[in-house]
Amino acid sequence: MRLVILGGPGSGKSTQARQLCRHLGIVEISSGNILRRAIASQTDLGRKAQPYVEKGELVPDEILIEFMRQRLLQPDTAKGWVLEGYPRTAFQAEELDFLLEDLNQQLDWAIYLTVPESVMMTRSVERSQNYAKDSTTSAKSRLDDHPEIVPRRIELFYERTVPILEYYDYRQKLLTINGDQPPEQVQQNILHKLELDD
Ligand code: AMP
């Protein structure tokens, strides 16, 4: 199964992606985690991405598209994957389709977790406060969760990512799920829509 999870900051994308991957035995590919790790170890990708991630801006399409292309060619992706945080722009969505076409593969579904803007705001700010309290997490590893950049991340979600919904809807690939519920309920609803519940 090949899935994309879409949603704003604090919509629960990473929690749901992780559980889905566990359930389906496929790999989770999270662009945010990949970037944070790359920044922490100051790889080429990390150095290029850092100024954008720190400000809550999107990393330029060409940097991520090439990286994700390489990632999706790795052997662990053969059984399928859940992409979390990617695509985030219409251009990335189109490029993903081109890549899949080249590989003779198809996306099964794009799952959109909807939550009100106020929930995005409170969940993201709470998360940044929890990271700040947790001494085992270096502040640097979550520089994108600083409360002052949360509004910008939300703004970019509406500006750049929401247009992708139409792209997938038009292709009859969009599943919309209410993300403003307890995580277990959200997961159940996703599995139900994917006809994977028992
Ligand atoms: P996330 O954890 O998915 O919210 O991603 C953290 C940060 O990484 C974002 O605020 C962006 O700066 C960057 N990022 C992650 N995924 C993408 C993407 N698909 N396109 C551009 N930038 C991204």
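Me: Which helix provides the largest share of the lining of the second largest pocket?
Reply: Helix H5 (residues 90-102) does, with 3 residues. H5 is called a helix because it is a DSSP run of H or I with at least four residues (a strand is a run of E with at least two), numbered from the N terminus. The model is predicted: local features need pLDDT of at least 70, side-chain atom pairs count only at pLDDT 80 or more, and totals for chains, interfaces and linings use all residues. Residues are numbered from 1 along each chain as its sequence is written, and side-chain values use heavy atoms, without hydrogens and water.

Me: What makes Tyr-168 a lining residue of the second largest pocket?
Reply: A pocket is an open set of points on a 1 Å grid over the protein atoms alone, where a 1.4 Å probe fits, with protein on both sides within 12 Å along at least five of seven lines; a lining residue has an atom within 4 Å of a point. Tyr-168 is listed in this lining, as are Asp-97 and Lys-173 among others, so it meets that 4 Å limit. The volume of this pocket is about 190 Å³.

Me: How many residues line the largest pocket, and which elements give two or more?
Reply: The largest pocket is lined by 45 residues, with Lys-13, Glu-84, Arg-88, Arg-127 and Arg-153 nearest its centre. The elements that give two or more include strand S1 (2-6), helix H2 (31-40) and helix H7 (150-170). This pocket holds about 890 Å³ of space.

Me: Why is the ligand said to sit in the largest pocket?
Reply: A molecule sits in a pocket if more than half of its atoms lie within 2 Å of the grid points of that pocket. The ligand sits in the largest pocket, so more than half of its atoms pass that test.

Me: What makes the pair between the ligand and Arg-88 a polar contact?
Reply: A polar contact is a pair of N or O atoms within 3.5 Å. An oxygen atom of the ligand is 2.9 Å from an N or O atom in the side chain of Arg-88, so the pair qualifies. A nitrogen atom of the ligand lies 3.0 Å from an N or O atom in the side chain of Gln-92, and a nitrogen atom of the ligand is also 3.0 Å from a backbone N or O atom of Val-59.

Me: Which element gives the most to the shell around the ligand?
Reply: H2 does, with 4 residues.

Notes
Points joined across faces, edges and corners; volume = space filled by probe spheres on them. Polar contact = N/O pair within 3.5 Å; in protein donor to acceptor, adjacent residues only side chain to side chain.
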